[in-house]
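Student: I'm new to this structure and would like a close look at one part of it. Could you take it slowly and then show me what else is worth a look?

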Amino acid sequence: MSATTSSVAANAGDVHVDLRGKTAIVTGAATGIGKAIALRLGASGANVVVDYRDQTDAANEIVAEIERSGGHGIAISADVSDEAAVDGMVASAVEHFGGLDILVNNAGIEQSHALVDIPLDVWKRIIDVNLTGPFLCARAAARAMIARGRGGRIINISSVHEDLAFPNNAAYAASKGGVRMFMRTAALELAPHAITMNNIAPGAIATPINQDVRENPQQRKELLEEIPLGRVGQPEEIAALCTYLASDAAGYVTGATFVIDGGLMRYTKGL
Ligand code: NAD
């Protein structure tokens, strides 16, 4: 049996979770997976801080959509690799909504180079955004959550490449592998405070980050051949799991990575 991509994505949005009274920060939320997560958390009743870098109009439109669905949101521009900006964003969230319950570390960048050609500044930028960013955001969020004493939820959008090698993307794979061990270690440190930390590891999801691959017929064909379910995933399918992990129902779930990849990680071609 096959389902169309749009019906799958619509169904993924049906997961019912009540997040009324909770406040969430979603980083890099102006586009792609972060946007879907911000909208889903907002539709579930959470107050949502829509973090973005420079897409002010897109971020404001997401806030407007959250408000139209009955939720509350604010857009804050903060580069996740900037310590002062991150600390300021968390302080603003606490001041505006009275506390912080949920952090979703979603912001990320990808840039392909053969190992021998990676410029040092590209390596550093990818590590700064994809690994130091989640650290800075988690540290600031955990400080606020511990001070309030009501526990919390931290969810990192890592990648199948937290575990799966990624030729021509050594910096990206190193950053996501770093997030894997950062999450496992931080989960133990934060557990006594009833703060959980988990990773969602997406496979190929239709977002701007991989638009060039999806629009190149040959690359698209090769990509789909690697995915047992035979399609790319939709951002809403990541948002559905993220919303569950953000909820009270997931209180006993910590230190774990949840792969959403259409079977990609289990597949070996021709073996
Ligand atoms: P995307 O490019 O649409 O989203 C990334 C967002 O992060 C953008 O809005 C961007 O502006 C923002 N961002 C980049 N640098 C930032 C910074 N320094 N501070 C704040 N925001 C910043 O792509 P996406 O696919 O939605 O990516 C979201 C996350 O999912 C990333 O961490 C990515 O690595 C991960 N991921 C995506 C896929 C996929 O197939 N799409 C697969 C695995 C993992």
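Which residue's side chain is joined to that of Glu-162 by a polar contact?

Tutor: Ser-158 is the partner: its side chain and that of Glu-162 are joined by a polar contact of 2.6 Å. Keep in mind as we go that this is a predicted model.

Let's stay with Glu-162 for a moment. You'll find Glu-162 in the loop that runs between strand E5 (152-157) and helix H6 (170-190). Being in a loop doesn't tell you whether a residue is covered, so check the accessibility: Glu-162 has a relative accessible area of 7%, and since buried means under 20%, Glu-162 is buried. What surrounds it? Setting aside neighbours within four places in sequence, Glu-162 is in contact with Lys-176, Gly-177, Arg-180, Asn-199, Ala-201 and Thr-257.

That loop holds another residue to look at. Asn-168 also sits between E5 and H6. Asn-168 has a positive phi of about 70°, although it isn't a glycine. With 45% relative accessibility, Asn-168 counts as partly exposed, whereas Glu-162 is buried.

Now go past H6, to the loop between H6 and E6, where you'll meet Ala-194. Here too the phi is positive, about 60°, and Ala-194 is no glycine either. Its relative accessible area is 48%, which makes Ala-194 partly exposed.

Next comes strand E6 itself, residues 195-202, and in it Asn-198. At 1% relative accessibility, Asn-198 counts as buried. Its side chain reaches the backbone oxygen of Val-253 at 2.9 Å. Val-253 also appears among the residues Asn-198 touches beyond four places in sequence, and the others are Ile-154, Ile-155, Asn-156, Met-183, Leu-245, Thr-254, Gly-255, Ala-256 and Phe-258. For a sense of scale, compare Asn-198 with Glu-67: they are 131 residues apart in sequence and 28 Å apart in space, going from C-alpha to C-alpha.

Leu-245, one of the residues touched by Asn-198, leads us to helix H9. This helix covers residues 235-245, and 9 of its 11 residues are buried, so H9 is largely enclosed by the rest of the structure. Leu-245 is one of those buried residues, along with Pro-235, Glu-237, Ile-238, Ala-239, Ala-240, Leu-241, Cys-242 and Thr-243.

Finally, let's turn to a pair of helices earlier in the chain. Two packed helices are described by the angle between their axes and the distance between the axes. For H2 (residues 32-43) and H3 (residues 56-68), the axes come within 9 Å and cross at roughly 25°. Angles under 35 degrees count as roughly parallel, so H2 and H3 are roughly parallel to each other. H2 passes H3 in a right-handed crossing. On the H2 side, the contact is made by Lys-35, Ala-38, Leu-39 and Gly-42, and on the H3 side by Ile-62, Glu-65 and Ile-66. Sorted by class, that contact has 4 nonpolar, 1 polar and 2 charged residues. The spacing has a simple background: an α-helix has 3.6 residues a turn, so residues three or four places apart point the same way.

One last stop is Ser-92, in helix H4 (residues 83-97). Ser-92 is partly exposed, at a relative accessible area of 33%. From C-alpha to C-alpha, Ser-92 and Gly-71 are 18 Å apart in space, with their positions 21 residues apart in sequence counted as the separation.

Methods
Residues numbered from 1 in each chain as written. Predicted model: local features only at pLDDT ≥ 70, side-chain atom pairs only at ≥ 80, totals over all residues. Heavy atoms only, no water. Axes fitted to C-alpha atoms, helices over the stretch in contact; angles between N-to-C directions. Helix = DSSP H or I, 4+ residues; strand = E, 2+ residues; numbered from the N terminus. Parallel < 35°, antiparallel > 145°, perpendicular 65-115°, else oblique. Left-handed = near helix turned anticlockwise from the far one by under 90°. Contact = heavy atoms within 4.5 Å. Nonpolar A, V, L, I, M, F, W, Y, C, P; charged D, E, K, R; others polar. Buried < 20%, exposed > 50% of the residue type's maximum accessible area, 1.4 Å probe, protein only. Polar contact = N/O pair within 3.5 Å; in protein donor to acceptor, adjacent residues only side chain to side chain.
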